[in-house]
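Visitor: Could you walk me through this model, one question at a time?
Guide: Gladly, have a look at it and then ask away.

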Amino acid sequence: MTLGEREILGLAYLSFEVSDLAAWDRLLVETIGLERGKDAPDGALTYRLDENAARFFLKEGRADDLVALGFEVASDEALSRLLARLELANVRSKVLPGAPRFAETRMEILEPGGLPIELIAGADRLDPPKLPLVPGGFKTGDFGLGHIALRARSLEESRRFFEELLDFGLSDRIECELLGGYHVDIAFLHANRRHHTVALGEGLPKAIVHFMLETRTLEDLGRIYDRAFDHGVRVTKTLGQHPNDRMLGFYALTPSGIQFEIGHGGVEIDERRWEPSLYHEVSIFGHRSPRSYRDVHSR
Ligand SMILES: [Fe+2]
């Protein structure tokens, strides 16, 4: 595979089944600052943060997990090429009827962890939304929606699927031991110039560990951070920086127990020069549990 031939452009959307729709709505609109979109034809609530008609789909249900994700493919021809490669590897695809995701073509495949991946060509685009709480907007466009950390049943099998079949590139890996003896072994994969669109790790309780949205300005990251505390959203990792994507960001909990990361300033991949590295720490600084500060200050 050479430069410019990648079929998948990036992450298009995330679809969650959640037990508390109202709390998710408050988080996405009032804390993170997204705009409610038109309800999807299947009744899902949708949320916008750029020209795409919808970037988040929420349906009420008990999974409290990611139930599907969408990757945007460059064209119908690119989709055919991709599906032919998948078929050769015995990965079945099926056509999804209707257009509940505001996209013309929609095929579904299953990744090795069992999560449905929808491959879409021709996503509907509208006038950009008004985002008064995030005036600088989010970094999307050619970089896709953001990134996601997914559960791999077998890291080796999932890496083969994403790298060899979907043509993601390896950005780097982090392998280390955290306090408490927790072994971290994560592979970071890119589909475009965003440092990673997908991160994969084993031994995780839900299909998704976290999703990340990147603000264009540092100020907007800071404002969302403030609002998380103001609105009682549980911040799980304070502002910090990862050694590999150099993203400055924080993590907090959604009402489904899945984390989200809001970041700013992640590095961009130039494939002509990029060499994957192995890192032995998750953070350069920060990413502390707020509880650790409380304990120190209440002594
Ligand atoms: Fe992340």
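**A walk from the core outward**

Guide: A good place to begin is methionine 212, which is buried, with a relative accessible area of 1%. Please keep in mind that this is a predicted model.

Visitor: Why does methionine 212 count as buried?
Guide: Buried means under 20% relative accessible area. Methionine 212 falls under that cut-off because its relative accessible area is 1%.

Visitor: Which residues is methionine 212 in contact with, leaving aside its neighbours within four places in sequence?
Guide: Methionine 212 is found in strand E13. Its C-alpha atom and that of phenylalanine 260 are separated by 5.8 Å, although the two residues are 48 apart along the chain. With the sequence neighbours left aside, the contacts of methionine 212 are Leu145, Gly146, His147, Arg194, Met247, Glu261 and Gly263.

Visitor: Which residues coordinate the iron ion?
Guide: The donors follow the spacing H-x62-H-x50-E along the chain. The histidine pair links distant parts of the chain, with histidine 147 in strand E9 and histidine 210 in strand E13, 63 residues apart. Both histidine 147 and histidine 210 are buried. At 2.0 to 2.2 Å, the iron ion is coordinated by His147 (NE2), His210 (NE2) and Glu261 (OE).

Visitor: In what sense do E9 and E13 pair, and over how many bridges?
Guide: One example of a bridge partner is isoleucine 208 in E13, which is matched with leucine 150. The pairing of E9 and E13 is antiparallel, and the number of bridges is four.

Visitor: Which strands are the edge strands of the sheet?
Guide: Nine strands form an open sheet with mixed pairing, in the order E14-E15-E16-E13-E9-E12-E11-E10-E17. An edge strand here pairs on one side only, and the two are strand E14 (235-241) and strand E17 (277-279).

Visitor: What angle does the direction of helix H3 make with that of E12?
Guide: Helix H3 (residues 155-165) packs on the sheet, touching E9, E10, E11 and E12. The direction of H3 makes an angle with that of E12 of about 160°.

Visitor: Is H1 parallel or oblique to H4?
Guide: Two packed helices are described by the angle between their axes and the distance between the axes. The axes of helix H1 (residues 21-32) and helix H4 (residues 218-230) come within 9 Å and cross at roughly 130°. That crossing makes H1, relative to H4, oblique.

Visitor: Which residues make the contact of H1 with H4?
Guide: The residues of this contact divide into three nonpolar, one polar and two charged. They are Glu30, Thr31 and Ile32 of H1 and Ile224, Arg227 and Ala228 of H4.

Definitions and conventions
Residues are numbered from 1 along each chain as its sequence is written. This is a predicted model: local features need pLDDT of at least 70, side-chain atom pairs count only at pLDDT 80 or more; totals for chains, interfaces and linings use all residues. Side-chain values use heavy atoms; hydrogens and water are left out. Donors are N, O and S atoms within 2.8 Å of the metal (3.2 Å for Na, K and Ca); water is not among the atoms, so sites may look incomplete. Buried means under 20% relative accessible area, exposed over 50%, partly exposed in between (1.4 Å probe, protein chains only). Contact means heavy atoms within 4.5 Å. Two strands pair if DSSP finds at least two bridges between them. Axes are lines fitted to C-alpha atoms, for helices over the stretch in contact, and angles run from 0 to 180 degrees between N-to-C directions. Angles under 35 degrees count as roughly parallel, over 145 as roughly antiparallel, 65 to 115 as roughly perpendicular and the rest as oblique. Ala, Val, Leu, Ile, Met, Phe, Trp, Tyr, Cys and Pro count as nonpolar, Asp, Glu, Lys and Arg as charged, and the others, Gly among them, as polar.
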